[in-house]
Amino acid sequence: MFDAQGLLAKDPSSPGRLKYWDNDLCRKQPHLFDFAVTLGGDGTLLYASWLFQRIVPPVLSFALGSLGFLTKFDYADYRGTLSTAFNNGITVSLRLRFEATIMRTQTAQGDGKHDLVEELIGDEAENNLTHKPDGSYTILNEIVVDRGPNPTMSSIELFMDGKFMTSVQADGVCVATPTGSTAYNLAAGGSLCHPENPVVLITAICAHTLSFRPVVLPDTIVLRVGVPYDARTSSWASFDGRERLELHPGDYVTISASRYPFANVMPPGNSSEDWIGSISRTLNWNSRQKQKSFKEWEEQNLDKNSTNLTK
């Protein structure tokens, strides 16, 4: 598909200008990239977001997948699309991303002497030795903390801005961006959300109580999702479906808005109209047969009665 040797043969200046990228280059020197093009579906776009954990160049995505909430351009017209982008400029949608940090407990587990609530918001909240960071990830769709391979429910505690929020008994909790509202969040019963809303969506996955409803919070909060010390089993965290890590009792994940949004290149036009078109096209959102008017219904009944009399 990418004929590198053919490009080199056609243009004598290409050998000095044709460069190749790898994961390390994206991670360590993202400022070298002025523009990125993806060929595939939404998963390919999520992979591009994963490659650029900090600064993200504008990403133009050609749709070669099945659904395509984020892939806005038709590959059949790639020449015209790229020419227009390079000659006339582009319009980007800055998509909110989350920064998630794994925090590992440094205290003995299972001794019955420790309480995650006390360590995070109680008398021990100022003690910096109870937990240590163990990796950070920038995500575009969602962070999911779930039961993993365990046959029993997860026990999860939520904290918001230094305050205890609630305890959750469920298969898991999905914390989604507005972009991720149409992914796992939607499948778990969460709300659809326009991507320009600066919010955090929290949705329980098969909660053990019917009163836990999806929650929408401002993106200015700092959220902590933890496993209490007295939990029967560990939980597992995943980040845009990658880097699945085990959370032992006492561990938690800190989630906040990232300083580095995802620059998604958009087609010309109204972004709200494009979003409504996407969910209508891919989800058949609110699609049903139109209700008949009384006049139309009466005419159909008269036609049926006339047919019966003729017979």
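Visitor: Where is the place of leucine 201?

Guide: Leucine 201 sits in strand E11, which covers residues 199-205. Bear in mind as we go that this is a predicted model.

Visitor: Is leucine 201 buried or exposed?

Guide: For that you look at relative accessible area, where buried means under 20%. Leucine 201 has 2%, so it counts as buried.

Visitor: Which residues is leucine 201 in contact with, leaving aside its neighbours within four places in sequence?

Guide: Quite a list: Cys174, Val175, Ala176, Thr177, Pro178, Ser181, Asn185, Ser191, Cys193, Val215 and Val216. As for distances across the fold, the C-alpha atoms of leucine 201 and serine 272 are 19 Å apart, with their positions 71 residues apart along the chain.

Visitor: Let's try another strand. Where is the place of leucine 217?

Guide: Leucine 217 belongs to strand E12, residues 215-218. With a relative accessibility of 11%, leucine 217 is under the 20% limit and therefore buried. Beyond the residues up to four places away in sequence, leucine 217 touches Met160, Met165, Pro198, Val199, Val200 and Ile202. Take proline 198 from that set: its C-alpha atom is 8.8 Å from that of leucine 217, and the two residues are 19 apart along the chain.

Visitor: And a polar side chain: what does the side chain of serine 154 reach?

Guide: The backbone nitrogen of arginine 147, at 3.0 Å. Serine 154 is in strand E8 (residues 154-160), and its relative accessibility of 1% makes it buried. Not counting residues up to four places away in sequence, serine 154 also touches Asp146, Val168, Gln169, Ala170, Asp171 and Ser235, along with Arg147 itself.

Visitor: Now the nonpolar core. Which residues of the largest one touch the most other members?

Guide: The idea is to follow buried nonpolar residues joined through their side chains. Here the largest core has 31 residues, and those touching the most other members are Phe98, Val168, Val175, Val225, Phe239, Val253 and Ile255. Apart from it lies another core of 15 residues, with Phe33, Phe262, Trp275 and Ile279 among them. Going back to valine 253, its contacts outside four places in sequence are Ala100, Thr101, Ile102, Leu223, Arg224, Val225, Ala237, Phe239 and Leu247.

Visitor: What about helices? How many residues of helix H4 are buried?

Guide: Start with the general picture: an α-helix has 3.6 residues a turn, so residues three or four places apart point the same way. In H4 (residues 42-51), 7 of the 10 residues are buried, so the helix is largely enclosed by the rest of the structure. Those buried residues are Asp42, Leu45, Leu46, Ala48, Ser49, Trp50 and Leu51.

Visitor: How many cavities of 30 Å³ or more does a search of the whole structure find?

Guide: The search turns up 2. The largest has a volume of about 70 Å³, and its lining is made of Phe69, Leu70, Lys72, Arg95, Pro178, Thr179, Ser181, Thr182, Cys193, Pro195 and Trp275. By type, that lining divides into 6 nonpolar, 3 polar and 2 charged residues.

Visitor: What lines the second largest cavity?

Guide: Lys72, Ser93, Arg95, His194, Pro195, Glu196, Met266, Ser271, Asp274 and Trp275. Strand E4 (91-95) and helix H8 (271-283) are the elements giving two or more residues to this lining, and H8 gives the most, with 3. The space is about 60 Å³, and the lining splits into 3 nonpolar, 3 polar and 4 charged residues.

Visitor: Arginine 95 caught my eye. Is it buried or exposed?

Guide: Buried, because its relative accessibility is 5%. Arginine 95 is in strand E4. Leaving aside neighbours within four places, arginine 95 is in contact with Leu70, Leu140, Thr179, Pro195, Pro261, Phe262, Asn264 and Met266.

Visitor: Last one, backbone angles. What is phi of aspartate 240 near?

Guide: Near 55 degrees, which is positive in a residue other than glycine. Aspartate 240 lies in the loop between strand E14 (235-239) and strand E15 (242-247), and at 11% relative accessible area it is buried. Asparagine 284 also has a positive phi, near 50 degrees. Asparagine 284 is in the loop between H8 and helix H9 (294-310), and its 53% relative accessibility makes it exposed.

Technical notes:
Residues are numbered from 1 along each chain as its sequence is written. This is a predicted model: local features need pLDDT of at least 70, side-chain atom pairs count only at pLDDT 80 or more; totals for chains, interfaces and linings use all residues. Side-chain values use heavy atoms; hydrogens and water are left out. A nonpolar core is a set of buried Ala, Val, Leu, Ile, Met, Phe, Trp, Tyr and Cys residues joined through side-chain atoms within 4.5 Å. Buried means under 20% relative accessible area, exposed over 50%, partly exposed in between (1.4 Å probe, protein chains only). Contact means heavy atoms within 4.5 Å. Helices (H or I, at least four residues) and strands (E, at least two) are DSSP runs, numbered from the N terminus. A polar contact is a pair of N or O atoms within 3.5 Å; within protein, one must be able to donate a hydrogen and the other to accept it, and residues adjacent in sequence count only if both atoms are side-chain atoms. On a 1 Å grid over the protein atoms alone, a cavity is a set of points where a 1.4 Å probe fits but cannot get out, and a pocket is an open set with protein on both sides within 12 Å along at least five of seven lines; lining residues have an atom within 4 Å of a point. Grid points are joined across faces, edges and corners, and a volume is the space filled by probe spheres set on the points. Ala, Val, Leu, Ile, Met, Phe, Trp, Tyr, Cys and Pro count as nonpolar, Asp, Glu, Lys and Arg as charged, and the others, Gly among them, as polar.
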